[in-house]
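Visitor: I would like a close look at a single part of this model, namely the surroundings of one of the bound ligands, set in the context of the whole chain. Please take me through it carefully.

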Amino acid sequence: MVSIPEVWKLMDLTTTVIIPLLFGSLGIFTLFRLLQWMRMRAYLREAVVVITGATSGLGKECAKAFHAAGSKVVLCGRNSEKLRELVQELSAMTNHRKNVSMHKPHTVVFDLSDTRMVINAAEEILKNMGHVDILINNAGISYRGTVVDTGLDVDKKLMETNYFGPVALTKALLPSMIKRRQGHIVAISSIQGKISIPFRSAYAASKHATQAFFDCLRAEVEQYDIDVTVISPGYIQTNLSLNALRGDGSRYGVLDKATAEGQTAAEVAQVVLAAVGHKKKEVLVAGLAPCLAVYLRNLFPRLFFTLMASRAKKEKKVKDS
Ligand SMILES: NC(=O)C1=CN([C@@H]2O[C@H](COP(=O)(O)OP(=O)(O)OC[C@H]3O[C@@H](n4cnc5c(N)ncnc54)[C@H](OP(=O)(O)O)[C@@H]3O)[C@@H](O)[C@H]2O)C=CC1
Ligand SMILES: CCCCCCCCCCCCCCCC(=O)OCC(=O)COP(=O)(O)O
């Protein structure tokens, strides 16, 4: 039994020590988060942010998010008409924050799978903007097909767009970042940069290569105060599956159920904004099953391979029927 004086003592301890401590820590935590948020906003404001694949999906939503945060966005794409429309859309956005001014976006037209064009584009960007603070390598294409029926030209196309394009652009902008000892390079990879699922060989390979390249880069450029962020999303509601290539190089042209039921591009763009603002090294933006699959691949690879083989058999049966 607890005696009355003991209860008083306990209550005294609660009111004089535990409650103030609790509220004190909460206050410190809130203050810390606020400072973090303010530092992120300051980092993004006025920053020159280059975004590839800005004409659609995640790139377009990133353009809106960074533009609204006060960054000077450079919109890259291969369709000048779509870029012009986006500039109009961004220019029409109203500024809700009094202390943030939104800048007129710049545009650069080039195809990522053409190395010469990529190098010229980087020169053009540096000439017009003076420097690049943040490069977001977002543009990409996907693929559907079996290894046995896929032409090598399709494997190469995927690697050129998803891997060599971002690598060429990064290499072209890196020396100026090193010179300034300042810069941030972002790679939009995929959960498929961490695990390979059946009928995605070319896509998963290009994303695994992306992950590996940018992990190396991060280690090499930290000494120059350059940050590298790799973002690995799960399914997003975009045109990715519609524009995916088949094994014979033709357009897949189907909006897959998983894509249609994915996260919205605007949600993922906010995660990209925060990850860049907080200078995160890598971020997985996916539901429970894809995240668990990544851990399963690393912790219990045999089980993962069995699951993928059964998935391949099942999908093949459905296709054949
Ligand atoms: N949607 C998803 O489920 C997921 C997407 N991702 C990644 O997100 C990124 C953005 O894709 P998402 O928005 O979904 O797809 P979209 O198809 O909507 O957008 C892809 C963008 O990349 C551009 N692009 C494609 N090929 C080239 C090229 N050769 N040169 C220049 N630009 C090119 C497209 O330009 P154009 O308008 O001219 O076609 C478009 O702007 C990709 O890297 C993708 O792998 C990662 C995980 C999941
Ligand atoms: C301990 C229990 C573990 C349970 C794990 C179950 C394994 C389930 C497999 C889940 C596979 C998830 C694949 C996710 C793929 C993905 O998110 O890809 C993103 C993309 O890049 C999409 O591109 P696509 O062209 O494929 O639409």
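Guide: The domain assignment divides the protein into domain 1, residues 47–286, and domain 2, residues 288–321, and it is with these two parts that a description of the shell around ligand 2 can begin. The model is a predicted one, with an average pLDDT of 94 for the protein and a score of at least 70 for 98% of the residues, while the model as a whole has an ipTM of 0.98 and a pTM of 0.92.

Taken over C-alpha atoms, the centres of domain 1 and domain 2 are separated by 27 Å, and the two domains meet through 9 residues of domain 1 that are in contact with 9 residues of domain 2. On the side of domain 1 that touches domain 2, the residues comprise 7 nonpolar, 1 polar and 1 charged.

Both domains also take part in the shell around ligand 2, since at least three of its residues come from each of domain 1 and domain 2. This shell has 21 residues, of which Ser142, Ser190, Ile191, Gly234 and Leu292 come nearest to the ligand. Helix α9, spanning residues 288–299, gives the most to the shell around ligand 2, contributing 5 residues. By residue class, the shell around ligand 2 consists of 13 nonpolar, 6 polar and 2 charged residues.

Ligand 1 can be set beside this description. It is surrounded by 29 residues, the closest being Gly53, Gly57, Ala139, Gly140 and Thr238, and the shell around ligand 1 is made up of 9 nonpolar, 17 polar and 3 charged residues. Here helix α2, residues 57–68, gives the most, with 3 residues.

One of the closest residues to ligand 1, Ala139, also leads to a position in helix α5, residues 152–180, where glycine 165 lies. Neighbours within four places in sequence left aside, glycine 165 is in contact with Leu112, Ser113, Val118, Ala139 and Glu160. Glycine 165 counts as buried because it has 25 C-beta neighbours inside 10 Å. From glycine 165 to serine 321 the C-alpha to C-alpha distance is 38 Å, with their positions 156 residues apart in sequence.

There remains a segment that lies outside the bounds of both domains: an unreviewed UniProt entry annotates residues 17–35 as "transmembrane region". In the model, residues 17–35 are 100% helix and 0% strand, and the C-alpha atoms at the two ends are 27 Å apart.

Methods: Residues numbered from 1 in each chain as written. Chains lettered and ligands numbered in written order. Predicted model: local features only at pLDDT ≥ 70, side-chain atom pairs only at ≥ 80, totals over all residues. Domains from an automatic or database assignment. Contact = placed C-beta atoms within 7 Å. Nonpolar A, V, L, I, M, F, W, Y, C, P; charged D, E, K, R; others polar. Near = placed C-beta within 6 Å. Helix = DSSP H or I, 4+ residues; strand = E, 2+ residues; numbered from the N terminus. pLDDT = per-residue confidence, 0-100. UniProt positions renumbered as here; feature names shortened; annotations may be inferred. Buried ≥ 20, exposed ≤ 12 C-beta atoms within 10 Å, placed from the backbone.
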